[in-house]
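Here is a friendly walk through one structure, heading by heading. Please keep the viewer open as you read.

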2 protein chains.
Amino acid sequence: MTDVNFSKSPTAPDSQGAAGPVPRAGEMRWDIIELLFFAYRDFVGDADQELEAFGFGRAHHRVMHFVYRYPGLKVADLLDVLRITKQSLGRVLKQLLDEGYIIQKTGNNDRRQRLLYATPKGEALVAKLAGLQTDRITRALRDINPEGAAAISQFLRAMIDRDDPDKVLEAIFGIGSKKVRE
Amino acid sequence: MTDVNFSKSPTAPDSQGAAGPVPRAGEMRWDIIELLFFAYRDFVGDADQELEAFGFGRAHHRVMHFVYRYPGLKVADLLDVLRITKQSLGRVLKQLLDEGYIIQKTGNNDRRQRLLYATPKGEALVAKLAGLQTDRITRALRDINPEGAAAISQFLRAMIDRDDPDKVLEAIFGIGSKKVRE
DNA sequence: AAGATATGTCAACATGACTGACGTAAATTT
DNA sequence: AAATTTACGTCAGTCATGTTGACATATCTT
């Protein structure tokens, strides 16, 4: 009744419509591709539910998270990290400023800059959401030994593009001696 | 110049605006949370670029992927997997049908069902996109031994909600003896 | 025959992304 | 000192993808 019919596909699996060297299906990492999809879907799903209560979306979460974690982040840095346009960021940032989750401070050296900081209200929101996600991660790591955990960390790092890293990635990869809020 | 000011946050890191037991910052898995964000961002970024050339978006990719991988998937199954509404799926699915990437077949036992299959054109698209993502995964796994790879797989599986698994998750977790296209 | 199910469709709307242009203040370069 | 560049904000318009709720049709189940 809710069964999927897996028998005989009407199209041959080996027929290809594209030119050039197409990778063969047998070499594909379907397993990891799909696990990443589902893992990420449920990982962000934790926060999505909470955010509804605040009238916020994922965009607000991402902004709050990085502002909290990297105090004094500039607007330009945030644009690099989130890879969205000024317009998109502007809308979300304005809401967070208006509702008192984030405050701006004029840069000391460069007065054009607006350095961003989380207010206590903003910190509480970030902590709540990170708590949910940390719970999931901790659960997932429960039966994994330190070597396994190291492999997971190494794998995730290696999945990230390292050409032209932004401010936050530099901190994560320890390129400079950037300090991050613990 | 593009430096981030990490010194003295204007708000105390320990001040909390929320009631109840708030997890302390020191217990948070900021590392994994952020690695997942960046890893997934770049992982889906591979496909996004290619999709532009086809005039498609991520939604089209997700539909194509699961239809290819689980031939004969029903519309209802797809709704479960993608966790979107009928409306949203309908728009995307209609395009893919109209443009010949997917075909429908009426169910054998239940003639109300529309079983979905990828056409050769659709298969080529999925293969192209999966190839890009597989390349990234293979690169990331290059220096990781089999035990590490097992830990990664175990971790990703454990990150996924197991209550009320859909058709595809049942196949992935081998609950039944579902066959999947290799 | 009545009811439940699978799918498709309509209207209306929200969010978060985009482009391109323009303005202002402040820093930097000439 | 003047010209240019940079950092940021904003306006107008568009697009992709998600939402809700209602309703129609064919088909299966009871």
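The report below covers the model, the fold of chain A, the core, the DNA surface and some backbone angles.

## About the model

This is a predicted model, in which local features need pLDDT of at least 70 and side-chain atom pairs count only at pLDDT 80 or more, while totals for chains, interfaces and linings use all residues. Residues are numbered from 1 along each chain as its sequence is written, chains are lettered from A and ligands numbered from 1 in the order in which they are written, and side-chain values use heavy atoms, with hydrogens and water left out.

## The fold of chain A

Chain A holds 7 helices and 3 strands; these are DSSP runs numbered from the N terminus, with helices being H or I of at least four residues and strands E of at least two. Read from the N terminus, the order is α-α-β-α-α-β-β-α-α-α.

Of the 182 residues in chain A, 48% are buried (buried means under 20% relative accessible area, exposed over 50%, and partly exposed in between, with a 1.4 Å probe and protein chains only). Among the contacts of chain A with a separation of 6 or more, 53% join residues 24 or more positions apart, a contact being heavy atoms within 4.5 Å. About 9200 Å² of chain A is exposed, and carbon and sulfur atoms supply 49% of that area; accessible areas come from the Shrake-Rupley method with a 1.4 Å probe, and for residues only the protein chains shown count as cover.

## Core and helix packing

The largest nonpolar core has 108 residues. Such a core is a set of buried Ala, Val, Leu, Ile, Met, Phe, Trp, Tyr and Cys residues joined through side-chain atoms within 4.5 Å. The residues with the most contacts inside this one are A:Val63, A:Phe66, A:Phe155, B:Val63, B:Phe66 and B:Phe155. Leaving aside residues up to four places away in sequence, B:Phe155 touches A:Ile137, A:Ala140, A:Leu141, A:Ile144, A:Ile152 and B:Ile32.

Now look at helix 3 of chain A (residues 75-82), whose buried residues are A:Asp77, A:Leu78, A:Leu79, A:Val81 and A:Leu82. Their cover includes helix 2, strand 1, helix 4, strand 3 and helix 7 of chain A, together with helix 1 of chain B.

## The surface near DNA strand C

Which residues come nearest to DNA strand C? Of the 24 around it, they are A:Arg62, A:Thr85, B:Lys86, B:Gln87 and B:Arg112 (near means a heavy atom within 4 Å). Sugar and phosphate make up 54% of the strand C atoms that come within 4 Å of the protein. Helix 2 of chain A gives the largest share of this surface, 4 residues.

Several side chains can be picked out at DNA strand C. An N or O atom in the side chain of A:Arg91 is 2.6 Å from a base nitrogen, and one in the side chain of B:Arg112 is 2.4 Å from a base oxygen. B:Gln104 places a polar side-chain atom 2.8 Å from a phosphate oxygen.

## Positive phi angles

Most residues other than glycine have a negative phi. B:Arg83 has a positive phi near 55°; B:Arg83 sits in the loop between helix 3 and helix 4 of chain B and is partly exposed, at 47% relative accessible area. In chain A, A:Arg83 takes a positive phi of about 55° just after helix 3.

B:Asp164 also has a positive phi, about 50°. B:Asp164 lies in the loop between helix 6 and helix 7 of chain B and is exposed, with a relative accessible area of 72%.

Note on methods. A polar contact is a pair of N or O atoms within 3.5 Å; within protein, one must be able to donate a hydrogen and the other to accept it, and residues adjacent in sequence count only if both atoms are side-chain atoms.
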